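The questions below ask how some labels for a structure are reached. Each answer sets a value against its cut-off.

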Amino acid sequence: MIKKYWADLGASIVVFLVALPLCVGVAVASGVPAELGIVTGVVGGIVVGLLPGSTMQVSGPAAGLTVLVADAVGRHGIQALGVIVLGAGLLQVALGLARCGRWFRAISPSVVQGMLAGIGLVLILGQLEPVVASPVAVALALLTVVIMLLWQRTPLRVVPGVLVGVVVCTALAAVFAAQVDRIVVGTLSADVHLPDFSLLDTGVVGTAVVFALVASAESMFSAAAVDRMHDRPRTRYNRELVAQGVGNTICGLLGALPMTAVIVRSATNVSAGARTKASRVLHGVWLLLFVVLAPGLLTLIPVAVLAAVLVHAGWKLLGLRQLVALWRTDRTEAAVLVLTAGLIVATDLLTGTVVGLLAAVVKTAWDVSRLSVVVTPEGVELRGNATFLRLPRLLDVLDGVDREHVRMDLSEVRHLDQACGQAIDQWVDETRRAGRTVELVGR
């Protein structure tokens with residue numbers, strides 16, 4: 001028993017070290033005070049960590065929501081963020097109680113990968129300004145990325161590379177008194193506030209719905225991925241969705257960032273040897289202690305260093321290896337992925353995701369609608385699913401049939417939709433009016 005909890009203690013420290021710079025970085029990239037990102041991390045760790053649903057998942061502010069939050073803050077103002085997140089949380093709770101958790105797993109993987117890739121691209125492009133602010137900023141950002149990449153190849157990789165990169169480059173900037181922009185940190189009493197319901201309008205409600213759907217989908221897909229990494233109890237999706245909703249409801253009441261289950265923290269938790277929920281709860285405790293006892297340390301971190309951390313996170317969201325592998329096996333699915341990602345960059349997250357979903361539905365309908373139309377010595381034989389998507393080919397074949405007696409065999413048709421049914425009936429009537437005979441089989 002002692003050994004188990006000792007493993008959770010060690011894992012919680014590792015997760016805390018990974019979560020701290022990411023909480024701050026996501027907040028800064030979202031255009032909100034840095035400490036609000038840590039507040040979300042605290043709620044994700046302590047509150048969601050205690051609730052039933054998942055064992056190994058760790059929740060907090062996610063890079064995948066950065067684009068949404070920045071857009072919402074730009075459109076409605078930071079004062080409306082609490083109302084939006086609160087509404088999203090309540091909707092998640094309702095969806096979980098309605099047992100909709102597993103439905104989020106029905107989204108096409110290519111759309112999800114495209115959504116993450118698009119978010120990754122927007123995240124990378126959004127960090128270019130702080131990175132290229134000055135030659136010193138460029139050097140610090142490059143060095144941060146190099147350290148993060150090389151550290152994972154050392155025997156000391158048990159210490160998170162992201163933490164090493166941030167600490168080393170922050171120390172160098174302090175020692176040489178580098179003239180670069182640094183993180184601005186306020187006080188919790190000034191930045192944590194109750195939601196202002198006077199800002200509630202249709203735009204805010206619509207944004208809350210988008211937040212809820214995207215955050216829920218990301219959390220459910222994270223759960224499916226994390227469950228494959230460990231042998232502990234599997235995620236109970238409906239309860240996990242309720243837990244995420246409770247967490248976002250509290251974050252909304254505090255005016256903090258929205259949360260999701262985060263794959264980076266969750267994978268770190270598993271690989272660090274966590275055995276129970278205690279690890280994710282303790283990581284939230286460490287975040288709380290840090291923001292209460294040592295918030296001034298954050299003001300030493302150059303903005304360019306955190307931008308480099310987010311560029312690295314965005315690069316991992318791109319999933320280029322998965323895209324190449326998908327292109328080799330199913331180019332149509334890969335096209336859906338690229339379409340989704342491209343539209344997210346060109347327009348916004350909602351438009352790109354909705355169009356990607358529609359493209360995936362059309363692709364699936366086309367794949368399912370496999371119809372074989374064969375001209376035989378006796379007439380025409382149909383096999384498969386006759387839907388409107390295959391109607392042009394069906395009509396082309398029927399128009400080419402020219403014999404006195406036609407035997408149309410439909411016995412191997414698994415599904416005949418109204419469009420194809422009407423087309424066949426019309427062709428039969430026209431053929432009979434022309435003085436020829438038609439024998440229908442299987443209808």
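**Helix packing and cysteines**

In this predicted model, Val39, Thr40, Val43, Val47 and Val48 of H2 are in contact with Ala243, Gln244, Val246, Gly247, Ile250, Cys251 and Leu254 of H11. By class, that contact holds nine nonpolar, three polar and no charged residues.

Q: Why are H2 and H11 called oblique to each other?
A: Helix H2 (residues 34-50) and helix H11 (residues 237-254) pack at an angle of about 140°, with their axes 10 Å apart. Roughly antiparallel needs an angle over 145 degrees, and roughly perpendicular covers 65 to 115. The angle fits neither class, so the pair counts as oblique. The crossing of H2 and H11 is right-handed.

Q: How do you know that cysteine 169 is too far from the closest cysteine sulfur for a bond?
A: The closest cysteine sulfur is in cysteine 23, at 20 Å from the sulfur of cysteine 169. A disulfide needs the two sulfur atoms within 2.5 Å, so this pair does not qualify. The structure holds zero disulfides.

Q: What makes cysteine 169 buried or exposed?
A: Its relative accessible area is 0%. Buried means under 20%, so cysteine 169 is buried.

Q: Why is cysteine 100 called partly exposed?
A: Cysteine 100 has 21% relative accessibility. Partly exposed lies between the 20% limit for buried and the 50% limit for exposed, so cysteine 100 gets that label.

Q: What makes valine 311 partly exposed?
A: Valine 311, in helix H14 (residues 303-318), has a relative accessible area of 23%. That value falls between the 20% and 50% limits, so valine 311 is partly exposed.

Methods:
Residues are numbered from 1 along each chain as its sequence is written. This is a predicted model: local features need pLDDT of at least 70, side-chain atom pairs count only at pLDDT 80 or more; totals for chains, interfaces and linings use all residues. Side-chain values use heavy atoms; hydrogens and water are left out. Buried means under 20% relative accessible area, exposed over 50%, partly exposed in between (1.4 Å probe, protein chains only). Axes are lines fitted to C-alpha atoms, for helices over the stretch in contact, and angles run from 0 to 180 degrees between N-to-C directions. Helices (H or I, at least four residues) and strands (E, at least two) are DSSP runs, numbered from the N terminus. Angles under 35 degrees count as roughly parallel, over 145 as roughly antiparallel, 65 to 115 as roughly perpendicular and the rest as oblique. A crossing is left-handed if the near helix is turned anticlockwise from the far one by less than a right angle, and right-handed if clockwise. Contact means heavy atoms within 4.5 Å. Ala, Val, Leu, Ile, Met, Phe, Trp, Tyr, Cys and Pro count as nonpolar, Asp, Glu, Lys and Arg as charged, and the others, Gly among them, as polar.
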